[in-house]
Amino acid sequence: METKEILLELRIKKGLSQDELAEKLFVTRQAVSRWEKGETVPNTETLKLLSNFYDVSINTLLGTPRKLICQCCGMALEDETISKEADGDFNEEYCKWCYADGEFTSDFWKKYAYLGGKDKFNEFKIQIMDEFNALNIEGMPKIESLNMLAGGYVNLEYRLPNGKKVKFLDDKSSYLGNQLECEFGEERCFGIVANMDFLLVCTYEENGENPELVVYKKR
Ligand SMILES: [Zn+2]
């Protein structure tokens, strides 16, 4: 579709007259009429306003001249998956999982759930739980559910026998995991964390104090 047809269609869909749209965009009715006849194309500033107003990307307004691809992860972009700036403008460089509200994210799991579908994501969770349960760790109850966890909250610092302290996770990533009561009724809890690549089991006291690593296993 050409820009003129797209603009006409969007306006009709919104139930606006040319006058009403012109008023909202601070342009003349003649300008709107010329766009819809294909005599002119809105300038860059007006395209931005239209994009924001109709919630479609500028690329779509221009008749999709470019195949948009996320510059971060490489996925093909549609209006529903294009990222936005904090002010609501589309950022046509990135997908909404790699970039959101003006910042890079690494919300891998949300993207996985979206692309793979809910069923596939659940299957993956079940597989991870089976792998945790197969570790048969003494005192750790059976795992029945996994939550999405922000790396920054579960990236505990472990003390190695040689006194060195290490962290295994990335604050900016998200993981699947849970917290479990110890079956022996001790003060310590079990924490489990996983992603595509590894399983981690640790124990800790209240608020993640004095963490101890139990298992760190590549998948
Ligand atoms: Zn991306």
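A residue counts as exposed if 12 or fewer other C-beta atoms lie within 10 Å of its own, and as buried if 20 or more do. Lys37 is exposed, because 10 other C-beta atoms lie within 10 Å. Lys37 belongs to helix α3, residues 29–37. Its C-alpha atom is 9.0 Å from that of Leu8, although 29 residues separate the two along the chain. All of this describes a predicted model.

**Overall form**

The chain holds seven helices and 11 strands. Its radius of gyration is 25 Å, whereas a compact globule of 219 residues would have one near 17 Å. Along the principal axes, the C-alpha atoms fill a box of roughly 75 × 35 × 30 Å. Two domains are assigned: domain 1 covers 3–104 and domain 2 covers 117–218. Their C-alpha centres lie 44 Å apart. Buried residues account for 23% of the 219 residues. Of the contacts with a separation of 6 or more, 39% join residues 24 or more positions apart.

**Helix α6**

Helix α6 spans residues 108–133. A straight helix of its 26 residues would reach 38 Å at 1.5 Å a residue, yet the end C-alpha atoms of α6 are only 24 Å apart. Where does α6 kink? The kink is centred on Gly117 and amounts to about 120°. Domain 2 begins at residue 117 as well. Trp109, Ile128 and Phe132 are buried in α6. The buried residues of this helix pack against four strands: β5 (147–150), β8 (174–181), β9 (189–194) and β10 (198–204).

**Two cores**

The largest nonpolar core has 20 residues. Tyr175, Leu176, Ile192, Val193, Ala194 and Leu200 touch the most other members. At least two residues of this core come from each of α6, β8, β9 and β10. A second, separate core has 10 residues, including Leu68, Cys70, Cys95 and Cys98.

Tyr175 has contacts beyond its neighbours within four places in sequence. Among them are Leu149, Gly151, Val154 and Leu169. Val193, Ala194 and Asn195 are further partners of Tyr175.

**Tyr94**

Tyr94 sits in strand β2, residues 90–95. Is Tyr94 buried or exposed? Tyr94 is buried, because it has 24 C-beta neighbours inside 10 Å; the cut-off for burial is 20 or more. Setting aside neighbours within four places in sequence, Tyr94 is in contact with Cys70, Gln71, Cys72, Ser83 and Tyr99. Of these, Cys70 also belongs to the second core. The C-alpha atoms of Tyr94 and Ile69 are 7.1 Å apart, with their positions 25 residues apart along the chain.

**Positive phi in two loops**

Most residues other than glycine have a negative phi. Asp101 has a positive phi near 50° and is not a glycine. Asp101 lies in the loop between β3 (99–100) and β4 (103–104). Asn136, also not a glycine, has a positive phi of about 50°. Asn136 is placed in the loop between α6 and β5. Why do both count as exposed? Asp101 does so because 12 other C-beta atoms lie within 10 Å, and Asn136 because it has 7 C-beta neighbours inside 10 Å. The limit for exposure is 12 or fewer.

**Neighbour counts compared**

| Residue | C-beta neighbours inside 10 Å | Class |
|---|---|---|
| Lys37 | 10 C-beta atoms | exposed |
| Tyr94 | 24 C-beta atoms | buried |
| Asp101 | 12 C-beta atoms | exposed |
| Asn136 | 7 C-beta atoms | exposed |

Note on methods
Residues are numbered from 1 along each chain as its sequence is written. This is a predicted model: local features need pLDDT of at least 70, side-chain atom pairs count only at pLDDT 80 or more; totals for chains, interfaces and linings use all residues. The expected span of a helix is 1.5 Å times one less than its number of residues. The bend at a residue is the angle between axes fitted to the seven residues ending there and the seven starting there. Two residues are in contact if their C-beta atoms, placed from the backbone, lie within 7 Å. A nonpolar core is a set of buried Ala, Val, Leu, Ile, Met, Phe, Trp, Tyr and Cys residues joined through C-beta atoms within 7 Å. Domain bounds come from an automatic or database domain assignment. The radius of gyration is taken over C-alpha atoms; the globule rule is 2.2 Å times the number of residues to the power 0.38.
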